[in-house]
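User: Please take a close look at a single part of this protein for me. Then walk me back out to the whole thing, in plain bench language.

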Amino acid sequence: MALTRISWPLPALAAWACAWLVFVALQRIPGFPPVAALLLACLVGTVASVLGGSWWRRGLIAAGFPLSLALLGAASLPTWAWLLPLALLLLVYPLNAWRDAPLFPTPHRALHALAAQAPLAPGARVLDAGSGLGDGLMALRHAYPAAQLEGLEWSWPLRLLCALRCPWARVRRGDMWAADWSGYQLVYLFQRPESMARAAAKAQAEMAPGTWLVSLEFAVPGVLPCAQLRPASGRVVWLYRMPGAAAPGA
Ligand SMILES: C[S@@+](CC[C@H](N)C(=O)[O-])C[C@H]1O[C@@H](n2cnc3c(N)ncnc32)[C@H](O)[C@@H]1O
């Protein structure tokens with residue numbers, strides 16, 4: 001995502017300034033509830049936090065506005081209102097998704113050599129399991145412009161942003177572990193090392209022979225990949241082909 005390359009701490013300063021602007025502007029509307037103003041201003045910070053390239057940066061972007069508000073004592077709010085920033089953070093970064101992966105985007109050119117190693121027929125169905133903000137889908141689109149691209153994302157705000165950024169893909173909210181992978185010719189993951197054995201077992205159980213499981217950065221432990229892409233600068237892409245006869249269209 002180009003915005004993540006803006007030098008630090010500019011994303012934080014911009015997010016805090018926007019959150020304060022929203023808060024002050026809403027406070028000026030006669031009768032506007034201060035708790036709603038807090039909620040909307042925190043929403044600005046929380047959404048902007050996805051621009052932080054690491055956990056502590058995301059936390060700083062999201063927490064800057066509510067912390068500065070609390071320190072300045074610039075609003076009289078009920079005690080429970082201070083739980084709102086936390087609730088927003090949990091919406092964007094739901095706890096169950098933390099077990100699989102925090103939000104890190106696929107670099108846009110990371111998959112440019114993928115189609116040569118894992119060719120797919122036009123119209124093949126490709127899933128980004130845990131599609132985040134859509135960067136993986138964008139990289140997949142570069143690799144497979146004629147594929148039917150789908151994203152599945154646990155966090156509903158991320159799912160909405162992903163659908164906005166990738167209008168050409170079908171993006172749904174859901175749990176990638178509960179979803180059926182059997183209709184896909186390729187499932188792409190950028191998750192965590194700990195998730196890879198489970199993902200490989202699910203792919204083996206559900207995906208047709210000859211289809212592909214592709215993982216950015218993390219290999220399936222103890223399984224020989226069918227191929228690897230090693231871009232000069234960047235993360236390794238691991239390719240696993242489901243054993244058996246090749247599926248039509250794979
Ligand atoms: C590292 S990000 C990768 C985002 C995207 N695939 C990309 O490469 O740019 C991992 C994403 O997986 C999502 N996620 C984690 N566990 C999930 C689950 N069980 N079901 C659906 N999405 C999940 C997280 O919310 C996060 O957005």
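Analyst: Let's get the terms straight: a contact means heavy atoms within 4.5 Å, while helices (H or I, at least four residues) and strands (E, at least two) are DSSP runs, numbered from the N terminus. This is a predicted model, where local features need pLDDT of at least 70 and side-chain atom pairs count only at pLDDT 80 or more, though totals for chains, interfaces and linings use all residues. Residues are numbered from 1 along each chain as its sequence is written, and side-chain values use heavy atoms, with hydrogens and water left out.

The part I'd zoom in on is helix H7, residues 135-143. Of its 9 residues, 7 are buried, so H7 is mostly covered; buried means under 20% relative accessible area, exposed over 50%, and partly exposed in between (1.4 Å probe, protein chains only). Those tucked-away residues are Asp135, Gly136, Leu137, Met138, Ala139, Leu140 and Ala143. What sits over them? The cover includes helices H6 (114-117) and H8 (156-165), along with strands S1 (125-129), S2 (148-153), S3 (170-173) and S4 (186-189).

Now zoom out. The protein has 9 helices and 7 strands, and its C-alpha trace spans about 70 × 35 × 35 Å along the principal axes. It is divided into domain 1 (2-92) and domain 2 (114-241), with bounds that come from an automatic or database domain assignment. The C-alpha centres of the two domains lie 32 Å apart, and the contact between them takes 4 residues from domain 1 and 6 from domain 2. Across the 250 residues of the protein, 46% count as buried. Looking at contacts between residues at least 6 apart in sequence, 65% join residues at least 24 apart.

Last, the cysteines. A disulfide, here a pair of cysteine sulfur atoms within 2.5 Å, turns up 0 times in the structure. Cysteine 166 is in none, with the nearest cysteine sulfur, that of cysteine 162, 4.5 Å away. Cysteine 166 is also buried, at a relative accessible area of 0%. Why is cysteine 18 unpaired with cysteine 42? Because the sulfur of cysteine 42, the closest cysteine sulfur to that of cysteine 18, is 14 Å away, too far for a bond. Unlike buried cysteine 166, cysteine 18 is partly exposed, with a relative accessible area of 37%.
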